[in-house]
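These are my notebook entries from a session with one structure, written down in the order in which I looked things up.

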Amino acid sequence: MLRKLLFITLLVPILGTAQKFTDSQIKEMIETYKGLDRGPYKSINWFCEDGTIRDSKDPCPGDLEGIQHASYKPQVIELAQRNHIYFGEILASNEIWKFWDGNNNHSRLKQYQLQKFLENSDNGWIQEKSQFYRGAKQIEDEEEWGRKFYYTVLSSNEIVDRDFFLVRESLRDLPHDGDTNLSQEIRSLSKILAERNPAFMELRIKIHGNPEKEDTQAVENWLKEHEKKSRKKILKNLSY
């Protein structure tokens with residue numbers, strides 16, 4: 001019996017280590033997801049209030065409320081469970097206190113901020129292609145979740161006193177502003193432009209799902225590029 005207990009005592013830490021993904025495996029995941037159109041995501045689904053998950057073309061039945069966004073690849077879910085590393089976080093899919101992650105020094109919130117920085121500075125980083133995956137995130141749902149997040153955590157005087165700097169800095173990265181008339185107009189115009197010129201569709205999806213200030217420059221670059229192409233096409237037609 002003593003030998004069995006000793007064996008189990010020695011085996012448990014080994015198994016715990018073996019279950020984690022190694023740094024090289026995680027690096028390989030990152031490079032793989034960069035090149036995939038869906039990145040870390042598996043598919044678009046409906047997530048209903050009763051806990052059921054349905055196909056993107058099969059909304060929640062009856063009076064059941066639900067939201068639509070991407071689901072994660074199984075490997076991404078395993079990475080979160082084994083290593084506490086979260087790729088491509090969709091805020092609307094989270095429970096507020098799990099995302100706050102107080103028992104792990106707020107690791108998930110900090111990871112979200114770090115990934116935002118990498119996405120902005122490294123061409124989308126892990127979402128190099130999946131930032132254009134239509135329907136992966138719904139900005140309205142992300143902003144609504146963000147507002148609930150701040151209403152919840154800021155209702156605690158203890159958190160405000162202890163973690164004020166963390167909360168203040170997170171405001172830069174977590175969407176929470178709400179749907180203004182201007183944002184509605186921007187999405188509407190981008191939709192019209194994409195319908196008239198399908199080449200704008202990738203940018204339209206990006207603006208609708210994950211709008212950022214850098215999108216202004218991206219649109220200006222797109223306009224310059226396609227203005228040149230239009231002029232060349234006109235000149236070509238005139239030459240015949």
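Entry 1, burial in helix 7. I began with the residues of helix 7 that are hidden from solvent in this predicted model, and I noted Ile159, Asp163, Leu166, Val167, Glu169 and Ser170 as buried. I then looked up what these buried residues pack against, and found helix 4 (96–100), helix 5 (107–121) and helix 6 (139–153). Helix 7 itself covers residues 157–170, and I recorded a bend of about 90° at Asp163. Asp163 has a relative accessible area of 9%, so I kept this residue in mind for the next entry, because a value under 20% counts as buried.

Entry 2, charged pairs in helix 7. Which residue forms a salt bridge with Glu158? I found Arg162, with the closest N and O atoms 2.8 Å apart. The two are four residues apart in helix 7, so about one helical turn separates Arg162 from Glu158. Arg162 is partly exposed at a relative accessible area of 48%, while Glu158 counts as exposed at 54%. The side chain of Arg162 also meets that of Asp163 in a salt bridge, at 2.9 Å from N to O, and Asp163 is the residue at which helix 7 bends.

Entry 3, charged pairs elsewhere. I noted a count of eleven salt bridges for the structure. One of them joins the side chains of Glu31 and Lys34, with 3.7 Å from N to O. Why are Glu31 and Lys34 separated by about one helical turn? They are three residues apart in helix 2 (residues 23–34), and that spacing is the reason. Is Lys34 buried or exposed? Lys34 counts as buried at 17% relative accessibility, whereas Glu31 is exposed with a relative accessible area of 52%. I also recorded that Glu31 and Lys34 belong, with Asp122, to a network of salt bridges.

Entry 4, Arg108. I turned next to Arg108, which is found in helix 5, one of the helices that the buried residues of helix 7 pack against. Arg108 counts as buried, with a relative accessibility of 7%. Its side chain makes a polar contact with the side chain of Glu89 at 3.1 Å. When I left aside the neighbours within four places in sequence, the residues in contact with Arg108 were His84, Tyr86, Glu89, Asn94, Lys98, Phe99 and Asp101.

Entry 5, the strands. I looked up strand 3 (residues 66–72) and found it mostly covered, with five of its seven residues buried. Strand 1 (residues 41–48) runs antiparallel to strand 3, and seven bridges join the two. As one example of this pairing, I wrote down Ser43, whose bridge partner in strand 3 is Ser71.

Entry 6, the disulfide. How many disulfides does the structure hold? I found one, joining Cys48 to Cys60 with an S to S distance of 2.1 Å. The torsion about the S-S bond of Cys48 and Cys60 is about -100°, so I entered this disulfide as left-handed. Cys48 lies in strand 1 and Cys60 in the loop between strand 2 (53–55) and strand 3, so the pair ties together parts that are twelve residues apart in sequence. I closed the entry by checking burial, and noted both Cys48 and Cys60 as buried.

Note on methods
Residues are numbered from 1 along each chain as its sequence is written. This is a predicted model: local features need pLDDT of at least 70, side-chain atom pairs count only at pLDDT 80 or more; totals for chains, interfaces and linings use all residues. Side-chain values use heavy atoms; hydrogens and water are left out. The bend at a residue is the angle between axes fitted to the seven residues ending there and the seven starting there. Buried means under 20% relative accessible area, exposed over 50%, partly exposed in between (1.4 Å probe, protein chains only). Contact means heavy atoms within 4.5 Å. A salt bridge is a side-chain nitrogen of Lys or Arg within 4 Å of a carboxyl oxygen of Asp or Glu. A polar contact is a pair of N or O atoms within 3.5 Å; within protein, one must be able to donate a hydrogen and the other to accept it, and residues adjacent in sequence count only if both atoms are side-chain atoms. Two strands pair if DSSP finds at least two bridges between them. A disulfide is a pair of cysteine sulfur atoms within 2.5 Å.
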